[in-house]
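Grab a pencil and work through these exercises with the model open beside you. Try each task before you read its solution.

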Amino acid sequence: MANERLRALEDVEKEIAMVLQCAGNIVLELSKDKQNANLLERQLVQFQSSVNRVENELGGQIRYLTQVATGQPHEGSTYSSRKDCQMALNRAEYAKVKLGELGRTCEVMLDQQQAS
Amino acid sequence: MATQRALPQSKETLLQNYNKRLKDDIKSILDNFTEIIKTAKIEDETQVSRATQAEQDHYEMHVRAANIVRAGESLMKLVSDLKQFLILNDFPSVNDAISLQNQQLRSLQEECDKKLTSLRDEIAIDLYELEEEYYSSSYNQWDSVDLPLCEAYRRRDSWASPRSSCSSSQGDNEDTDGPPTQEVNPQIHLNGNAGTVPIEKS
């Protein structure tokens with residue numbers, strides 16, 4: 001859920017860039033001697049729709065935040081489960097080290113046997 | 001729709017400020033763009049000479065274009081502030097993120113422990129066989145206090161059914177005080193003294 005809202009805000013950023021780009025394209029087209037009416041129409045429609053989308057989306061986000069914001073800091077954390085997971089990984093690493101030592105010891109014994 | 005709760009003054013002021021910035025920036029973009037389009041219209045009658053009028057229109061368009069860009073950048077800053085506010089104050093999504101992360105970490109820990117437990121069981125089986133082989137050979141050197149694992153299991157089985165013959169493959173170094181009165185609970189000690197079990201004497 002958090003990612004969706006943040007992703008929506010990133011889309012809004014792209015829309016804002018689109019607004020400026022459309023405005024620039026329209027002015028560029030108007031500066032030419034022969035203007036392409038279709039292109040102007042398309043760019044204008046896109047400009048208006050982008051502006052409306054930006055306004056609606058940002059207004060919606062602000063309304064949502066007005067409802068859910070409490071003013072208090074959030075005190076949840078993932079520390080305990082992260083610590084437990086870290087200890088489990090340490091156990092696995094320790095077992096791996098010990099098995100490695102055991103393997104090396106067996107190899108040394110076999111080499112000695114073969115040498116003798 | 002839920003009614004607005006009593007937010008702390010700073011948060012409410014902040015959100016109202018966000019609203020104001022949004023409306024002002026959108027209005028700035030639309031107004032300046034409309035004025036640019038109006039200025040682009042060529043008029044036959046002008047109060048000053050065409051060159052002067054053209055220069056004035058050019059400057060005005062520059063300023064309005066700069067205003068549009070400034071409003072766009074202000075909107076970008078607003079989006080960035082909203083993202084920050086969302087991350088810090090959107091409790092439902094923060095709770096979801098925390099519980100998801102906890103769940104992932106816990107499942108990773110369980111999987112790790114499950115694999116370690118199965119590894120331990122496999123090694124215990126191999127160790128049992130190796131001990132049986134070793135202690136039944138001529139190289140064994142165990143005393144009466146610490147029994148090898150295979151011997152401990154054998155004795156446990158013989159105590160469980162007293163009529164069964166307690167056959168031990170080691171004839172020497174046995175405890176001559178008689179069978180212990182307490183049951184031995186053979187536990188696999190994998191750290192350090194692997195495979196040996198201390199007997200509690202009565």
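Before you start: a salt bridge here is a side-chain nitrogen of Lys or Arg within 4 Å of a carboxyl oxygen of Asp or Glu. Keep in mind, too, that this is a predicted model.

**Exercise 1. Salt bridges across the interface**

Task: Find how many salt bridges the rule gives across the interface of chain B and chain A, and check each pair.

Solution:
- Step 1. Start with the idea: side chains of opposite charge can pair when their charged atoms come close.
- Step 2. Look at A:Arg91 and B:Asp113, whose side chains meet at 2.9 Å, N to O. The cut-off is 4 Å, so this pair passes as a salt bridge.
- Step 3. Now try A:Glu13 and B:Lys83, where the N to O distance is 3.5 Å and the side chains again form a salt bridge. This pair runs between chains, from helix α1 of chain A to helix α2 of chain B.
- Step 4. Write down the count: two salt bridges across the interface. Over all chains, the rule gives 13.

**Exercise 2. Describing the contact**

Task: Work out which residues and elements of chain B build the side that touches chain A.

Solution:
- Step 1. Count the residues: chain B brings 48 to the contact, and chain A brings 48.
- Step 2. Get the area: about 4,500 Å² is buried between the two chains, with 77% of that coming from carbon and sulfur atoms.
- Step 3. Add the polar contacts, which come to five residue pairs between chain B and chain A, counting pairs with both residues at pLDDT 80 or more.
- Step 4. Sort by element: on the chain B side, α1 (9-39), α2 (50-89) and α3 (91-135) each supply at least two residues. The largest share is 17 residues, and it belongs to α3(B).
- Step 5. Sort by class: this side of chain B has 33 nonpolar, nine polar and six charged residues.

**Exercise 3. A cavity**

Task: Say which residues line the largest cavity, and what class they fall into.

Solution:
- Step 1. Search the whole structure for cavities of 30 Å³ or more, and one turns up. The largest cavity has a volume of about 30 Å³.
- Step 2. Read off its lining: A:Ile16, A:Val19, A:Val51, B:Ile26, B:Ile29 and B:Leu75. Two or more of these residues come from α1 (2-30) of chain A, and likewise from α1 of chain B.
- Step 3. Classify them: six nonpolar, no polar and no charged residues.

**Exercise 4. A pocket**

Task: Describe the lining of the second largest pocket by element and by class.

Solution:
- Step 1. Note the volume of the second largest pocket, about 400 Å³.
- Step 2. Find the lining: there are 15 residues, and those closest to the centre are B:Thr39, B:Lys41, B:Ile42, B:Gln53 and B:Asp57.
- Step 3. Assign elements: α1 and α2 of chain B each give two or more residues, and α2(B) has the largest share with seven.
- Step 4. Finish with the classes: four nonpolar, four polar and seven charged residues make up this lining.

Key: Residues are numbered from 1 along each chain as its sequence is written. Chains are lettered from A and ligands numbered from 1 in the order in which they are written. This is a predicted model: local features need pLDDT of at least 70, side-chain atom pairs count only at pLDDT 80 or more; totals for chains, interfaces and linings use all residues. Side-chain values use heavy atoms; hydrogens and water are left out. Buried area is the accessible area (1.4 Å probe) that two parts lose on being put together, summed over both. A polar contact is a pair of N or O atoms within 3.5 Å; within protein, one must be able to donate a hydrogen and the other to accept it, and residues adjacent in sequence count only if both atoms are side-chain atoms. Helices (H or I, at least four residues) and strands (E, at least two) are DSSP runs, numbered from the N terminus. Ala, Val, Leu, Ile, Met, Phe, Trp, Tyr, Cys and Pro count as nonpolar, Asp, Glu, Lys and Arg as charged, and the others, Gly among them, as polar. On a 1 Å grid over the protein atoms alone, a cavity is a set of points where a 1.4 Å probe fits but cannot get out, and a pocket is an open set with protein on both sides within 12 Å along at least five of seven lines; lining residues have an atom within 4 Å of a point. Grid points are joined across faces, edges and corners, and a volume is the space filled by probe spheres set on the points.
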